[in-house]
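Hi everyone, thanks for making time this morning. I'd like to walk you through one structure, going from the overall picture down to a few single residues.

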Amino acid sequence: MTISADYTEKIPNNVDLHEDRRLQRALESWQPNFLNWWESMGPTLPTEDVYLRTAINVGREGWAHFGHVAMRDYRWGIFLAERDPDRRIGFGQHKDEPAWQQVPGEYRADLQRLIVIQGDTEPASVEQQRNLGATAPSLYDLRNLFQVNVEEGRHLWAMVYLLHAYFGREGREEAEQLLHRNSGSEDSPRILGAFNEETPDWLSFFMFTYFTDRDGKYQLGTLKESAFDPLSRTCEFMLKEESHHMFVGTTGIDRVVERTVQVMRENDTDEVVAHGAIPLETIQKYLNFHYSVSLDLFGSETSTNVANYYTAGIKGRWAEGRRKDDHRLTGDSILVDAVVDGSVGHNEVAALVGLNTDLRREYIDDCQNGVNRWNRILGEAGLPQRLRLPSVAFNRRVGAFSGIETTPAGEVIAAEEWEARKGDWLPTEVDKTYVRSLMQPVHERGRIAAWIAPPRQGINGKPFDYEYVHLA
Ligand SMILES: [Fe+2]
Ligand SMILES: [Fe+2]
């Protein structure tokens with residue numbers, strides 16, 4: 001395998017695509033469909049070019065190239081992390097056997113399903129974010145939005161490559177369907193609920209990239225452990241790109257909080273609306289919403305399907321290699337979140353069945369880091385307010401808590417009380433209308449909207465007032 005990407009090919013790749021003419025032809029015939037999808041469902045703001053990074057190498061040093069490119073000419077390609085010829089399976093009943101280079105017949109349907117579900121989220125987020133360019137708070141933010149968008153497009157390529165290369169005719173049909181389903185569509189929506197919600201404003205975008213892209217990070221982390229080596233190597237490289245998406249979310253919310261804090265202090269008031277900033281209560285409500293819908297993406301607290309995936313070696317745990325147990329889990333147990341005697345509590349179940357809960361907990365710990373960061377900004381400004389992650393049971397529509405309602409603190413309440421109070425905890429029409437009213441585009445070089453602080457640093461050593469995007 002060559003490590004550097006081949007950009008002389010129609011489809012840039014590091015998988016020696018030219019050696020498999022059939023596969024190459026199949027992907028080359030999918031390519032125009034992808035470009036049509038990008039034109040019709042991708043970013044709506046017309047641009048000349050954007051300062052983007054493009055993957056040129058999957059190695060540790062210098063994997064990215066930065067330059068102004070017309071988005072339609074972005075070199076979407078197929079990049080897998082380097083192959084370890086000695087790689088062995090790390091968990092489940094096939095533990096210590098050599099990793100699979102082909103799909104075992106008995107796991108074919110399950111592997112295909114997991115790849116399709118992951119693949120479906122990638123273009124979905126591009127669709128959800130397509131109108132945001134028109135209201136970008138700065139050229140720097142606009143560029144970051146487009147970088148996330150082109151990389152989600154590349155992640156679709158990553159999954160489509162696997163479907164074409166390893167799943168035959170059915171795989172090619174699934175690859176077509178990935179372009180036919182659309183976020184929010186009545187007839188053929190995206191597979192997962194959170195990916196049919198719109199991303200109507202930039203506060204939602206930052207919350208999405210913080211909380212929902214982070215779900216993606218954890219799902220990719222479990223697939224990176226897969227015994228199916230091409231899937232593992234694909235996900236490993238996707239995770240590298242994904243870390244920039246997390247960065248956009250983390251620092252985006254940092255900057256919103258920073259600006260609000262600044263306005264609160266300068267004017268010695270909590271009433272920041274008059275000054276065009278976003279109140280902390282509104283930030284908390286958006287956080288509550290995006291966090292709770294992202295928790296739903298991890299599925300039910302217990303799942304026999306996921307137990308089977310683990311035992312089969314298809315899907316591991318987050319940081320499987322760092323876990324100090326037998327990596328088979330056949331005799332272990334775990335306490336999962338549950339409704340116990342009408343309140344939020346725990347049930348003990350077999351560890352294998354509770355793997356969704358295990359992954360969700362890793363995710364929750366990670367989410368808490370961001371909240372700590374934002375609270376540090378409040379603390380350093382001498383303000384007493386703090387942001388919080390709501391209870392795992394709050395506003396859930398999937399799993400053990402879907403049948404109950406709780407306060408953000410996790411106290412179970414009746415449906416009527418929920419109806420009466422939910423506007424205190426989740427964004428109301430008034431909140432959303434206010435946030436949307438702030439979304440006036442700032443497309444002039446070096447300028448920024450009043451509701452967000454400028455970034456500490458630009459991209460790739462460039463200053464904040466660099467011309468990151470040339471509008472058409
Ligand atoms: Fe992605
Ligand atoms: Fe992402």
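**Overall build**

So, let's start with the whole chain, and please keep in mind that this is a predicted model. For 472 residues, a compact globule would be expected to have a radius of gyration near 23 Å, and the protein chain comes out at 23 Å, so the two agree. If you prefer a box, the C-alpha atoms fill roughly 65 × 60 × 45 Å along the principal axes. Of the 472 residues, 46% count as buried. In secondary structure, we have eleven helices and seven strands. Now take the contacts between residues at least 6 apart in sequence: 69% of them join residues at least 24 apart.

Next, the core. Which residues touch the most other members of the largest nonpolar core? That core has 112 residues, and the answer is Ile78, Ile115, Val160, Leu203, Phe206, Met207 and Val256. The element that gives the most to this core is helix H3, with 16 residues. Let me pick out Phe206 for a moment: leaving aside residues up to four places away in sequence, Phe206 touches Gly249, Gly252, Ile253 and Val256.

On to a sheet. Three strands make an open, antiparallel sheet in the order E2-E1-E7. Strand E2 (64-69) and strand E7 (469-471) are at the edges, each pairing on one side only. On average, neighbouring strands here are turned by 15 degrees against each other, ignoring direction. Strand E1, residues 47-55, is joined to E2 by six bridges, and if you look along that pair you'll find Thr54 opposite His65 in E2. Helix H3, residues 139-166, packs on this sheet, where it touches E1 and E7, and its direction makes about 55 degrees with that of E1.

Finally, two backbone details for those of you who enjoy phi angles. Asp341 is not a glycine, yet has a positive phi of about 50 degrees. You'll find Asp341 in the loop between strand E3 (333-340) and strand E4 (343-350). Is Asp341 buried or exposed? Asp341 is exposed, because just 5 other C-beta atoms lie within 10 Å.

The other one is Asn460, again not a glycine, with a positive phi of about 55 degrees. Asn460 sits in the loop between helix H11 (429-438) and E7. Asn460 has 12 other C-beta atoms within 10 Å, and since 12 or fewer counts as exposed, Asn460 is exposed too.

That's my tour, so over to you for questions!

Conventions
Residues are numbered from 1 along each chain as its sequence is written. Chains are lettered from A and ligands numbered from 1 in the order in which they are written. This is a predicted model: local features need pLDDT of at least 70, side-chain atom pairs count only at pLDDT 80 or more; totals for chains, interfaces and linings use all residues. Two strands pair if DSSP finds at least two bridges between them. Helices (H or I, at least four residues) and strands (E, at least two) are DSSP runs, numbered from the N terminus. Axes are lines fitted to C-alpha atoms, for helices over the stretch in contact, and angles run from 0 to 180 degrees between N-to-C directions. Two residues are in contact if their C-beta atoms, placed from the backbone, lie within 7 Å. A residue is buried if 20 or more other C-beta atoms lie within 10 Å of its own, exposed if 12 or fewer, and partly exposed in between; C-beta atoms are placed from the backbone. A nonpolar core is a set of buried Ala, Val, Leu, Ile, Met, Phe, Trp, Tyr and Cys residues joined through C-beta atoms within 7 Å. The radius of gyration is taken over C-alpha atoms; the globule rule is 2.2 Å times the number of residues to the power 0.38.
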